[in-house]
Amino acid sequence: MRKQPRLFLIGALLSGTFLLGTGSGAAAQDHAHMDAGAEAPRPPAKKMRWSDPAAWPGGKVPRAGDAVTIGQGQEVILDVSPPALRSLTINGKLTFSDERDLELKSEWILLARGELEIGSEAKPHTRQATITLTDTVPNEDVNTMGDRGIMLMGGTLNLHGNRTSNTWTKLAKTANAGSTTIEVLDASGWRKGDQIVLASTDFDSKQAEERTVTAVNGNTLTLSAPLNYMHFGEITFGVDERGEVGLLSRNIKVQASEDAEKSYFGGHIMAMAGSRMYVSSVELTRMGQNMHLARYPIHWHILGEGQGQYVRNSAIHNTYSRCVTVHGTNNLLVENNVTFDTVGHCFFLEDAVETGNQFIHNLGIMTKCHPDGKPCVPTNLRPGGAPAGPSGQKAKDVLIPSDNTASTFWITNPNNTYRGNVAAGSEQIGFWFALPEEATGAHEGKSPDTRPRQTRLGEFSGNTAHSNFDGFMFDRGPKTDGTFSVVGSNYHIGFVDPTDTKSKKLVATFDNFTAYKNRNNAIWGRGELHTFQNLKLADNGIGYTHAAGRGPNAFTSQVMDSLFVGESTNIGNPSTPTEIAYGRSLPFPEIADFPIRGYEYYDFRHDVKNVTFRNYEDNATRQASAISYLLYTSFGVSTENSVEGMVFDKAKPVYFPPVERKWANDFGGRSGYMGAAFLDKDGSVGGIANGHIVFDNGITPDPKACEMKPSWNAAICQGDLGRLSVGGVGGPGAFPVAAPGATPRAGAPAVAPLPAAPRPPAEPIMISRNGKQVELTGETSILSGSEVKVDTARKEVNLALREMDKGSWVIFELPGFASTAAGTQQRSLAALRKADSTSYFKQGDTLWVKLVVAEAGSPMVAAGALGPRTSLVVSR
């Protein structure tokens, strides 16, 4: 642990003078803790040069190891590079001269209502200015803000370099491996000697490459060394996969000294209440203190209102903990910045109370979980059948539990603006809407009106995510202790008044999002009334999946006016024997036959309108399809899902893969996937208007009533389609029913909380029809007019139908059952078939039941509550 010595501000003792310690003795000269209360009026500043002995007590310019204080009412112009200082406290003002290159070294800099200025917004600094934060005196805690930082207690930080606009661009054409030149869209203002970074354009985020520019000729840059990887530079099949190139060099640099490369204890900039930061065109490197809370490269800490403050046009690279942290502060501007090789969540909203902040045109490259190259231990869904985690959340080498599933943009409150940003290569997630139920951290229990999961979406438009595991994640929000679950823990629906769920519901619109080369999902969402429009998704393992958990609503999600591309001309950098044989990189090289899919249906009501699918074709290695289902969801897929206006260009419209655990994203032991279905409103998928595309589960399709599609593992069926469940009545095997307002559990790999004591396994339920038999452990889709046989040793079961029209029916043959809880007895099986209300017929040891839907169409109910509209208990 780092110690907290006393601090004694000698500048407060002698007003109007510049004070310093005396050589090495300054190290023992502690400074008293300072209160950042109301600031007293200040006299006009008296300007003096640092190099002028007359500016200093005793006529001596500060020497190495001195603790220097600039008093109130004084402005010092730094016109020389002083020797390394013990500390620098600024109660007045320190301004860097723009006449020569300068470097200031100090253990720490405290802006105690004072100001540090290097250039101004109106007149940016033009020479090289470097601040190096040393750590020869460890374990300090300056005014509770730690050590080795620029720390603001009511102070002002003005840093304005001269690289103010063209901070990143894109490749104009593909740069091949081995090339020493690249062509970019815009190299204006870039210079020989600049450090640049090329983002990965493949699945592997670590294919990002840093180089020095040795020559500039128009938009052609000559590099200091050949490229190790191909970096793609084309718009392919309508999707812009031109790799980004970021500028890392700035003429103002803030850094820790080189020892930080081994300790991962870098510098930090922290602004407390009453402070102001205006940072533009600054390079921050070797910053952030790994495993230390609140010690980040740049950090607004509980300022409240931050209107007018910003970090713009800056480069944050090779750092050890985050990039930009916005904590308890609203209405900041974070714009046009480049980050590279950073650790933990990069652009970070901390306590979920932060609103009105604008994140615009930022580029984040290579976000990692750990500074030493250790792999992430993530908590996510991935092929293989079981979620990865949550052991990584308990690790002792991450700052907060979710940092082992690191994201470039960590978003805890949706009411902020994200426009034109690029998450170009995180080891885990690009954009993560990780919404807690209420305020967390320092604001837990202190902000009762904060309800992130019920708050409107501000703006999310024009963003791009590539070379991540998951590109866009709207799920898995943290609990107050920072841990999270893959199990439906981030249900979102916006309300006009977030504190009143009876107020008007709001549609959240995500516009013009591009995602490519994400290993798992381009998009994973959860919530209601989510609209995604103008998507451009390509080269992802899975394009789009969306979960829900509560209703009724007009829809859960809808995708409109979008483009999905299975495989583009960007072949990546194949490296494994499997990839080389295949001819391109693969999302999961260890599972080469992983079936790539564009749009996945999951639980609840999802609509797809006016979407084009390209290049989803089978080959000798793997299957592909434009439309599919989540493999292999435990929770039911709504039969009310719909599509219209589909276009397929070299794309197999549908493929529902048969059960094979190695492909599974969710394999929780229930058979919700058996109900996979959607309504083809205009026949643009199967050629039959208002036909249902259903999974060939052995029960739903009937060759006499459906057009079988063997290559799809599906069928096109006409008639009323709904969902059938046959389950227990309390005790083992009962279907869980969510209490009103309960957190939904759609998508869970387990269907109910673990019981207090182990329960014996429930007897299986087997359903058969047309000579085929399957075990039913959840729901299946079913056509009205179907007859099925139910075999089970259970003493009683609940037969249930939902999402069916009034008058629709299913007949059940139940060997060994004797009675029903309701219904009219019929004299024969023929009479039973003619009955227009729920009825039963008993013959020998077999009971036949005709379950008739008594009400028109079922409204949507919670996905975790399989309580149907029409049900009947039968007993032995």
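In this predicted model, the side chain of Arg163 comes to 3.1 Å from the backbone oxygen of Gly189, and a polar contact of 2.6 Å also links the side chain of Arg163 to that of Asp194. The residue that makes these two approaches sits in a loop, the one that runs between strand E12 (156–160) and strand E13 (168–170). Because its relative accessibility is 8%, and the limit for a buried residue is under 20%, Arg163 counts as buried. Once neighbours within four places in sequence are set aside, the contacts of Arg163 include Gly189 and Asp194, together with Trp190, Arg191, Leu247, Ser249, Arg250, Asn251, Ser281 and Asn313.

A second position to consider is Gly149, which belongs to strand E11 (residues 149–153). Gly149 has a relative accessibility of 0% and therefore counts as buried. Leaving out residues up to four places away in sequence, Gly149 touches Glu107, Trp108, Ile109, Leu133 and His268. The C-alpha atom of Gly149 is separated by 9.1 Å from that of Ser106, a residue 43 positions apart from Gly149 along the chain.

These two sites can be set against the protein as a whole, whose secondary structure amounts to three helices and 70 strands. Of its 876 residues, 61% count as buried, and among contacts in the protein with a separation of 6 or more, 72% are between residues 24 or more positions apart. The surface that the protein exposes comes to about 30,200 Å², of which carbon and sulfur atoms supply 50%.

Key
Residues numbered from 1 in each chain as written. Predicted model: local features only at pLDDT ≥ 70, side-chain atom pairs only at ≥ 80, totals over all residues. Heavy atoms only, no water. Helix = DSSP H or I, 4+ residues; strand = E, 2+ residues; numbered from the N terminus. Buried < 20%, exposed > 50% of the residue type's maximum accessible area, 1.4 Å probe, protein only. Polar contact = N/O pair within 3.5 Å; in protein donor to acceptor, adjacent residues only side chain to side chain. Contact = heavy atoms within 4.5 Å. Areas by Shrake-Rupley, 256 points an atom, 1.4 Å probe, with all protein chains shown as cover.
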